[in-house]
Structures are given as C-alpha cells and as structure tokens.
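Visitor: I'd like to learn how to read a ligand site and a few backbone features. Could you walk me through them?

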Amino acid sequence: MPQQQDIAEIPTEIFSNRSHNGSLAAYVWPDNMLAQFKKDVEQGLGAFPKILPSKYFYDKKGDELFVRIMDLPEYYLTRAEFEIFSEQSGELIQALEISPNQHFELIELGPGDGTKTKELLKVLDQGAYQFDYLPIDISQNALDQLEHNLAEELPGVCVRKKQGDYFTMLASLRESHHPKVLFFLGSNIGNMTDQQAAEFIYKLGSNLQPDDKLFLGVDLIKSANIVLPAYNDPAGLTKAFNLNLLARINSELGGNFDINKFSHQPEYTIENGIAISYLVSTADQTVTLNGSNKTFKFSQGEKILTEISRKYNDEIINNIIGNTDFQIAHKLTDRKGYFADYVLKRI
Ligand code: AVJ
C-alpha cells in the first residue's frame, strides 16, 4: 500500500489559486515574485512530507505542455466541459436567469484561450442578449490574444479585458449595477484544498450581489481507470509537466536537481475523490539552491507532493459552499457524466 497523504495535512497556504493556461506569462517575473517562489520552494522542500505549490507549473514551457495535455485522448476533462458548452448552451443560458433585455456582465476567471466560453458567447450574441464579456487574467499576453481572437470570430461581443489578480479585479467591478455571472471553469478549483475552495468561493460571493451566479466547472468522482490515465498519459506529457517544476527551480533559483533521478507518480483514491501527483526520488540524493545555505536531502522513494486534482460530487460541493452565500441552482453534466458545471446562485 502506498502511503496516502491525508488532505487535511496539506498546508493550506502552499496551494494558491491561479489561472491555468493564461498564467504568469510575459514570463518575466518581478523580483518579489521570484523571492516568493524561492521562499515557497525552501519551505516546501524543508517540510515533511515535501511539497511544492502547483501554481509554479506554469512558466512558458508549462503553459505549452498544459495546452498539449488538454488535447490528449486520456485528458477527458476539457472535452467533457466543451461538450456541455457546445451541446447545452440553451440550458446554460436558461440557468443564468437573464432575460434578453437585461444588460449583464459575464466575467471569467482565467479564461485561457476561451474555447469553451466562445461556444456560449456565440449563442448569446445571436440571441441578441446584451452583455459585456470581462476576462480576468494575470497575463496581459493571454488577454491580448483572446481579445484579438474574439474581435475576428465574434465582432459583436463587447470585450473588456481585466489584467490583474482575481480579487483586485473583481473588487474593481463591484460598483456596476448590472447582474453578474462569474465563470470559473476547467476544474481549476480542484488544485485547492476544500478549505481553500470554501474561502475562495466565500470571497467571490462577497464581490457579488444577491441573484448573481457563479458558474463552477468541476471534474466529478469516477473510477480510477478513467481518472488515473488522465494524469499518467503514455505520451509522457503529464510527466514532463510535473518534472518541469524541478527544471524551473534549476533555471530560476539555481537549483541542481538531477531531473533523471525523479519519477512521476499520480495516485487516486475513489473513496475521497482526490487525485494527487507526486515526484518520487529514485535515489538517495541532496539538492541545493544558489545563494541558499539550505540543503535538501531526499531518500530513495521519498515523495514531493506537487499537485492535488480534486474530484467532486453534490455532497462535497454543498460542504464547500455551506458557509458561503451560494446555493446550487443548476447542474449540467456531459453525456458520460464525467464533468459538471454547477450554477451556484448568490442568495
Ligand atoms: C488545470 C488544475 C484542472 O488538475 O486536471 C493537468 C492541471 N495537472 N494535468 C488538473 C493538470 C496535470 C489540471 N487543472
């Protein structure tokens, strides 16, 4: 039996939220972010069990790998959610409870290339709905590309880019008197512990008004023979994605990780619905960082927890939103029942 880490033991501050493939691009970090990266790495590798925050996957290489992962046959998540958007846009629009003469704001946290959302924007645009689309991302580059793309494909849609941190940007939109629909798709919430997710959703709610909606895309609990291959593809992209974290520590923090002496190991427990990715040291070894007096010892078989990818059901969602101002109003799933988009209503 592999030792299974209790999710409650994972320090909550170490995983923090980010947008996925929009990410931290320009890929040039201000000094304070590099200092934070160093601090997180030193703290995580100094802990037992060892842990590294998954938000650091996404440098230029990590972004490219994630885009390719979304196209993998084993990575069902993106396709399942795309199916919901392309085949159930009518239901989706109904769930938003917006009438055609009511101007509303469709705000998306971490839109990536907006592939799924575009399916809905198309239908809203044709249906003469009055709305602005406000993608929020930390990456100006990702937003510029999305805007350019939408200007060509859906010139009728009014796009207002919001570059910055999710909560700073949401706070800046609080003054508007239009109904809001907030999108957080792709099971990006799955990288958080349930406690972090609860705090995150609570904070989203505090930036919204009663009857506003949060559209939350989550991966559902299902059997290991479906979940595990999504995190262990034979093409080795997920392995490369995971190992890229060590390559990044080498290049940005002057680490001396021998990438060949770590293996990629995903685990999944259907009982709690939690998938965890580890990097496992295949030898006894010591790693150092430039300009740091700390050394990090690894014994053979020792694991670094690099990512949690939580899977959900109604009960878990209800637990998470229990102390927030949201209630489940609708749930849309793909035909196979792999993925769900929950429409949470602010009360
Ligand atoms: C972007 C967080 C939803 O956990 O499934 C893909 C990231 N990690 N393959 C996920 C990821 C490994 C992904 N999320």
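Visitor: Which residues come nearest to the ligand?

Guide: A residue counts as near if one of its heavy atoms lies within 4 Å of the molecule. Here 13 residues surround the ligand, and Tyr75, Gly186, Tyr231, Glu307 and Ser309 come nearest. By class, that shell has six nonpolar, six polar and one charged residues (Ala, Val, Leu, Ile, Met, Phe, Trp, Tyr, Cys and Pro count as nonpolar, Asp, Glu, Lys and Arg as charged, and the others, Gly among them, as polar). A caution on the source: this is a predicted model, where local features need pLDDT of at least 70 and side-chain atom pairs count only at pLDDT 80 or more, while totals for chains, interfaces and linings use all residues. Residues are numbered from 1 along each chain as its sequence is written, and side-chain values use heavy atoms, with hydrogens and water left out.

Visitor: Which side chains have a polar atom close to an oxygen atom of the ligand?

Guide: Look for N or O pairs within 3.5 Å. A polar side-chain atom lies 2.6 Å from a ligand oxygen in Tyr75 and 2.5 Å in Tyr231. For Ser309, a side-chain N or O atom is 2.7 Å from an oxygen of the ligand. Taken alone, the ligand exposes 350 Å², and the protein buries 99% of that (Shrake-Rupley areas, 1.4 Å probe).

Visitor: Where does the ligand sit among the cavities?

Guide: A cavity is a set of points, on a 1 Å grid over the protein atoms alone, where a 1.4 Å probe fits but cannot get out; lining residues have an atom within 4 Å of a point. The ligand takes up the space of the largest cavity (more than half of its atoms lie within 2 Å of the grid points). Helix H10 (237–253) and strand E12 (303–310) each give two or more residues to the ligand's shell (DSSP runs, at least four residues for helices and two for strands).

Visitor: What is the volume of the largest cavity, and how many residues line it?

Guide: Its volume is about 230 Å³, counted as the space filled by probe spheres set on the points. The lining has 23 residues, with Phe66, Tyr75, Tyr231, Glu307 and Ser309 nearest the centre.

Visitor: Which peptide bond is cis?

Guide: Most peptide bonds are trans. The bond joining Phe48 and Pro49 is cis, with omega about -5°.

Terms used: Polar contact = N/O pair within 3.5 Å; in protein donor to acceptor, adjacent residues only side chain to side chain. 1 Å grid on protein atoms, 1.4 Å probe; cavity = no way out; pocket = protein on both sides within 12 Å on 5 of 7 lines; lining within 4 Å.
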